Amino acid sequence: LDEDDAVVGYAQVAQAGGPDAVAELVVDPRHRRRGHGRALLDEVVALGARSVWAHGMLPAATALAAAAGLVVTRELYVMGRPLTAEDAVDPALPQGFSVRPFEPGEEDEHWVALNAAAFASHPEQGRLTRKEFEDLTRLPWFDPAGFFVAMHGDEVAGLHWTKQHDGGLGEVYLIAVAREHEGKGLGRALLARGLAHLAGLGDDRVQLYVEGDEERVVRMYTNAGFEIVQTDTAYRRER
């Protein structure tokens, strides 16, 4: 979106034409309150966007969504906390479980199956294919030493995949526990094992993303000292 030969707004639609087409848009703060946001929103809806993301729950975004007749359908929490020397200690595991680093190759299929089961209701994560997973492992940030697999005998029972950003920031990229092993403290132990790894690498803070309606998981992170630092919201037009 241009004004006076300057770019003042931008929008994009992912998966355009499909049932899950989703849009994001942004307007330069110096050019807001001039109808640009609504113009971009109308354009992406015309292109088939079924939902629109707003990052941070800004008042202007909330007002735009309300004026356009959009309702909240999904909330994604960004949670974070500091990492300290106390985190750099490997935790005890529930009885009967062991943890080892991920071994790329033949076990990829087992990991993808566990991920699909653990995130069956998740609109993106639960659809991850083996090829998409292999593509992720080829990215520069991937480190198998930061991918922990929990075993129960010969069975893959859970995992914690960590990620490092620049500037001392680590991330709880993904935690999954097989449904038959839920409620045994394995998720908490895997979380602590990943935090110990990130703290040992020198990271001084950590963040994660979690669905707002996953109350049990949010409670686990809150009990581990995480706080909500931002809420990203998906809006959809009522039919």
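A residue is called buried when its relative accessible area is under 20%, exposed when it is over 50%, and partly exposed in between, with a 1.4 Å probe and protein chains only. The structure is a predicted model, in which local features need a pLDDT of at least 70 and side-chain atom pairs count only at pLDDT 80 or more, whereas totals for chains, interfaces and linings use all residues. Residues are numbered from 1 along each chain as its sequence is written, and side-chain values use heavy atoms, with hydrogens and water left out.

The protein chain contains six helices and twelve strands, these elements being DSSP runs numbered from the N terminus (helices, H or I, of at least four residues; strands, E, of at least two). Its C-alpha atoms fill a box of roughly 60 × 35 × 35 Å along the principal axes, and 43% of the 239 residues count as buried. The protein chain exposes about 13200 Å², of which carbon and sulfur atoms supply 51%, as computed by the Shrake-Rupley method with a 1.4 Å probe. Among contacts (heavy atoms within 4.5 Å) with a separation of 6 or more, 70% join residues 24 or more positions apart.

Ten strands form an open sheet with mixed pairing, in the order E3-E4-E5-E12-E6-E11-E10-E9-E8-E7, where two strands pair if DSSP finds at least two bridges between them. Strand E3 (9-14) and strand E7 (98-101) are the edge strands, each pairing on one side only, and the twist from one strand to the next averages 25°. This angle, like the others reported here, is taken between N-to-C directions and runs from 0 to 180 degrees, the axes being lines fitted to C-alpha atoms, for helices over the stretch in contact. Helix H6 (residues 215-223) lies across strand E6 (70-82), strand E10 (169-177) and strand E11 (205-211), and runs at about 165° to E11.

At one edge of the sheet, E3 runs antiparallel to strand E4 (residues 22-27), to which six bridges join it, with Tyr10 standing opposite Val26 in E4. At the other edge, E7 and E8 are antiparallel and are joined by four bridges, and Phe148 in E8 is the bridge partner of Pro101. Strand E8 (residues 147-152) is mostly covered, with five of its six residues buried. Six further bridges link E8 to strand E9 (residues 155-164), again in antiparallel fashion, and here His152 has Glu155 in E9 as its bridge partner. E8 and E9 form a hairpin with two residues between them, and Gly153 in the turn has a positive phi of about 70°.

Most residues other than glycine have a negative phi, and most peptide bonds are trans. Asp5, in the loop between strand E1 (2-3) and strand E2 (6-7), nevertheless has a positive phi near 65°, and Asp5 is exposed because its relative accessible area is 86%. Gln15, in the loop between E3 and E4, likewise has a positive phi, of about 60°, and counts as exposed because its relative accessibility is 51%.

Asp87 is placed in the loop between E6 and E7 and counts as buried because its relative accessibility is 14%. Residues up to four places away in sequence aside, Asp87 touches Arg81, Pro82, Leu195, Ala196 and Ala199.
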